[in-house]
Amino acid sequence: MTIPEEPGAGTGANGGTGTDERGGLLVSNPLASGGSQDADTSLHAWLDALERVAAQPRRNDARPAPRIRAPSAADVEIAPELRRLESWIGAGPLRQVSAYLEGRDGYDAFGLSRETLLRAFPFFYSIYRAYFRVQSRGHEHIPSEGPCVIAANHGGLLPFDGAMLVVDAMLHSDPPRLPRAILDRWAGTLPFVNVFFAKVGQVVGTHENFGRLLADGEPVLVFPEGVEGIRKPITQRYRLQPFHVGFIEHALRARAPVVPAAVLGSDDQAPILFDIKPLARLLGIPAAPVTPTFPWFGPLGLLPYPVRYRIIYGEPIHFHERFGADDARDPTVVRALANRVRRSVQTLIDRNR
């Protein structure tokens, strides 16, 4: 889940098949169709419209789209679609997601869908609460408004660490905030999976997407280790790999604080004995791992072990108070700041293991 670095900067509804654009939102249902051919046409039309919306330049003479600031969870009622789950999940978590979705409808410019998020939340909350039994602290370090970059360690082959951190941050922020995780571009090539990721608010990692998210005042989640983090062997558990630096460039330009975060448990959910890198390159996949359960049990061997997750947020680092947007073009400065964040995340890991 990385942003490719720029050269010179450290190298770093239910309608038919058409899609309607209103005020920057995609409001049609791309899968509402009577036949498989129509459904395929509708899906492609929706994706094409999404690309057009994302590619629209921001004109100086155009009025910027209003930001949607979620109200406090105490000020909203549970969404009607979630009321039947109150006895199972509890009112608190349901109010959090209801508050975040207050005033949101259809799709946003990056594809986030209110309907999909409402349907997906009970599933991810169940994993969060019952499977990984997440414990967390330091939520006060996540800014209550404005852009920020949450930089965390990465591990575990499948991105459950990202999903758990997103759920945790939304449950423990007031007003609730949904971090928009930056996905590796490879994830954006996976059929159906890429659409689902977009619908639950996650964004493929391009410089344009990253910059627009911060300009919109969103919290952005990054895993600066990239794929090296998820494929490190068991002997390197919780030892951070070198950081990509693109997130520092964008944080400086947007004057956004960087919040270091440690995720403990992800490196234990699928311990990698070794990675067959030549096979991974041949197949065009990030890793070809051998674990105690994979490939011996087939795809089921990739399922994570039910380890306990612990998430710790550190104090935000305000690089923009000392460095300006021009420093984002200095590879020496950018690399030094990325290493500073790396040390902060590693310290959080070491102190809490």
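In the predicted model, the side chains of Asp 268 and Arg 237 form a salt bridge, with an N to O distance of 2.6 Å. Asp 268 sits in the loop between β8 (258-264) and β9 (274-275), and Arg 237 in the loop between α8 (227-230) and α9 (246-254), so the contact ties together parts 31 residues apart in sequence. Asp 268 is partly exposed, at 25% relative accessible area. Arg 237 is also partly exposed, at 26%.

The loop between α8 and α9 carries Arg 239 as well. The side chain of Arg 239 meets that of Asp 350 in a salt bridge of 3.2 Å, N to O. Asp 350 belongs to helix α11 (residues 331-352), and the pair links distant parts of the chain, 111 residues apart. Arg 239 is partly exposed, with a relative accessibility of 36%. For Asp 350 the value is 41%, and this residue too counts as partly exposed.

A salt bridge also joins the side chains of Asp 326 and Arg 329, at 3.3 Å from N to O. Both Asp 326 and Arg 329 are exposed. Elsewhere, Asp 108, Arg 180 and Glu 218 are joined into one network by salt bridges that share partners. Across the whole structure, the search finds 10 salt bridges.

The strands include an open sheet of 7, in the order β3-β11-β8-β4-β7-β5-β6. Its pairing is mixed. The edges are formed by β3 (135-137) and β6 (203-204), each of which pairs on one side only. Strands β4 (residues 148-152) and β7 (residues 219-222) pair in the parallel sense, over 4 bridges. Within this pair, Ala 151 of β4 stands opposite Val 222 in β7. Helix α7 (residues 207-215) packs on the sheet. Contacts of α7 reach β4, β5 (180-183), β6 and β7, and the direction of the helix makes about 145° with that of β7.

Helix α3 (residues 91-101) has 8 of its 11 residues buried, so the helix is largely enclosed by the rest of the structure. The buried residues are Pro 93, Leu 94 and Gln 96, together with the run Val 97, Ser 98, Ala 99, Tyr 100 and Leu 101. Their cover includes α2 (86-89), α4 (114-131), α5 (160-171) and β5. Just after α3, Gly 103 adopts a positive phi of about 85°.

In soluble globular proteins, nonpolar side chains tend to be buried together. Here, the largest nonpolar core holds 45 residues. Leu 82, Phe 132, Met 164, Leu 165, Leu 221, Tyr 309 and Tyr 313 touch the most other members. Two or more residues come from each of α3, α4, β4, α5, β8 and β11 (310-313). Helix α5 gives the most, with 9 residues.

Leu 221 lies in strand β7. Not counting residues up to four places away in sequence, Leu 221 touches Ile 150, Ala 152, Gly 162, Leu 165, Val 166, Pro 179, Arg 180, Ala 181 and Ile 182. Among these contacts, Ile 150 and Ala 152 fall in β4, and Gly 162, Leu 165 and Val 166 in α5. Arg 180, Ala 181 and Ile 182 fall in β5. Apart from the largest core lies another, of 36 residues. Its members include Phe 210, Val 258, Leu 264 and Val 341. Phe 210 falls in α7, Val 258 and Leu 264 in β8, and Val 341 in α11.

Conventions
Residues are numbered from 1 along each chain as its sequence is written. This is a predicted model: local features need pLDDT of at least 70, side-chain atom pairs count only at pLDDT 80 or more; totals for chains, interfaces and linings use all residues. Side-chain values use heavy atoms; hydrogens and water are left out. Two strands pair if DSSP finds at least two bridges between them. Contact means heavy atoms within 4.5 Å. Axes are lines fitted to C-alpha atoms, for helices over the stretch in contact, and angles run from 0 to 180 degrees between N-to-C directions. Buried means under 20% relative accessible area, exposed over 50%, partly exposed in between (1.4 Å probe, protein chains only). A salt bridge is a side-chain nitrogen of Lys or Arg within 4 Å of a carboxyl oxygen of Asp or Glu. A nonpolar core is a set of buried Ala, Val, Leu, Ile, Met, Phe, Trp, Tyr and Cys residues joined through side-chain atoms within 4.5 Å.
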